[in-house]
Amino acid sequence: MISARVGPPGDILLLAPVRGLASESAKAVREIDAFGPDVLGVGASPEELRSLVEYFVRADAEPVVPLTSNETSEVRGLVRFGEVRVPNPSIVEALRFAAVRGLPVEPLDPGDESSASMFAEHIGYVELVRRTVRERRVARNPPSPSSPDEFALAWDAQVGGGAGSKRFAQARDRHLARAAHRIAETHRRCAVLVDRERFDSVRLLIERPELATIAEE
């Protein structure tokens with residue numbers, strides 16, 4: 001996991017654990033606890049956040065989670081570094097921590113409808129086909145770096161390496177940064193949790209708010 005104190009605005013702790021790796025969840029919770037935020041922002045849509053709280057935080061037993069073929073391949077590639085859980089255990093454990101502490105939680109990614117529109121705007125038919133081919137290729141031959149951090153970056157680079165996919169990812173990150181700016185304006189200390197591969201982009205956009213407000217081309 002990688003983390004950094006960023007700003008402006010306000011005092012923000014940006015945390016980026018490797019998605020799925022169980023050992024990262026305890027690290028994330030420890031850093032959140034030590035930082036003592038007034039609010040927790042999560043790189044998830046409002047709908048996703050509600051589902052995680054309902055089915056994994058408040059439920060007596062966790063449901064069985066069906067995986068896509070791409071998710072299954074990612075799990076198989078990551079398991080060499082330790083136990084892997086779905087959905088992302090770092091988010092689930094952070095939400096449990098927040099529930100116990102009475103810490104407010106804010107979803108920072110666009111809602112499902114907005115995300116679908118954003119996807120359609122940036123990823124056309126040709127890019128969609130190429131993205132599917134890349135997903136199948138990486139499923140057959142997943143990256144094999146020496147650390148989970150390098151694995152997360154290599155996986156994302158292979159799957160999301162197309163121009164349209166990069167534009168879509170940048171649009172999501174700009175939305176997240178703007179949402180982080182809004183909660184930072186009303187809270188003294190904010191913790192923001194995102195997937196590892198989003199760290200560099202989100203950090204830059206939070207530190208330079210003017211970049212997060214750039215109009216879509």
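Trainee: Which residue in β5 does V39 stand opposite?

Mentor: This is a predicted model, in which local features need pLDDT of at least 70, side-chain atom pairs count only at pLDDT 80 or more, and totals for chains, interfaces and linings use all residues. Residues are numbered from 1 along each chain as its sequence is written, and side-chain values use heavy atoms, leaving out hydrogens and water. Strands (DSSP runs of E, at least two residues, numbered from the N terminus, as are helices, runs of H or I of at least four) pair if DSSP finds at least two bridges between them, and β3 and β5 pair in the parallel sense over 4 bridges. In β5, the residue opposite V39 is C190.

Trainee: Which residues of β3 point the other way from V39 and G41?

Mentor: In a regular strand, side chains alternate between the two faces of the sheet. In β3, V39 and G41 point one way, and all the residues named here are buried (under 20% relative accessible area, with exposed over 50% and partly exposed in between; 1.4 Å probe, protein chains only). Those pointing the other way are L40 and V42.

Trainee: Where does L40 stand with respect to β4?

Mentor: β3 and β4 run parallel and are joined by 3 bridges. L40 stands opposite a residue of β4, namely V105.

Trainee: Which are the edge strands of the sheet?

Mentor: The open sheet has 5 strands with mixed pairing, in the order β1-β2-β5-β3-β4. An edge strand pairs on one side only, and this applies to β1 (2–6) and β4 (105–107).

Trainee: What angle does the direction of helix α1 make with that of β2?

Mentor: Strand β2 (residues 11–16) runs parallel to β5 (residues 189–193), joined by 5 bridges. Helix α1 (residues 22–35) packs on the sheet, touching β1, β2, β3 and β5, where contact means heavy atoms within 4.5 Å. Angles run from 0 to 180 degrees between N-to-C directions, with axes fitted to C-alpha atoms, for helices over the stretch in contact. Between α1 and β2 the angle is about 170°.

Trainee: How many residues of the contact of α5 with α8 are charged?

Mentor: Helix α5 (residues 112–122) and helix α8 (residues 163–186) pack at about 145°, with their axes 8 Å apart. The contact is made by S115, M118, F119 and H122 of α5 and G164, R167, F168, A171 and R172 of α8. Ala, Val, Leu, Ile, Met, Phe, Trp, Tyr, Cys and Pro count as nonpolar, Asp, Glu, Lys and Arg as charged, and the others, Gly among them, as polar. The contact thus divides into 4 nonpolar, 3 polar and, as charged residues, 2.
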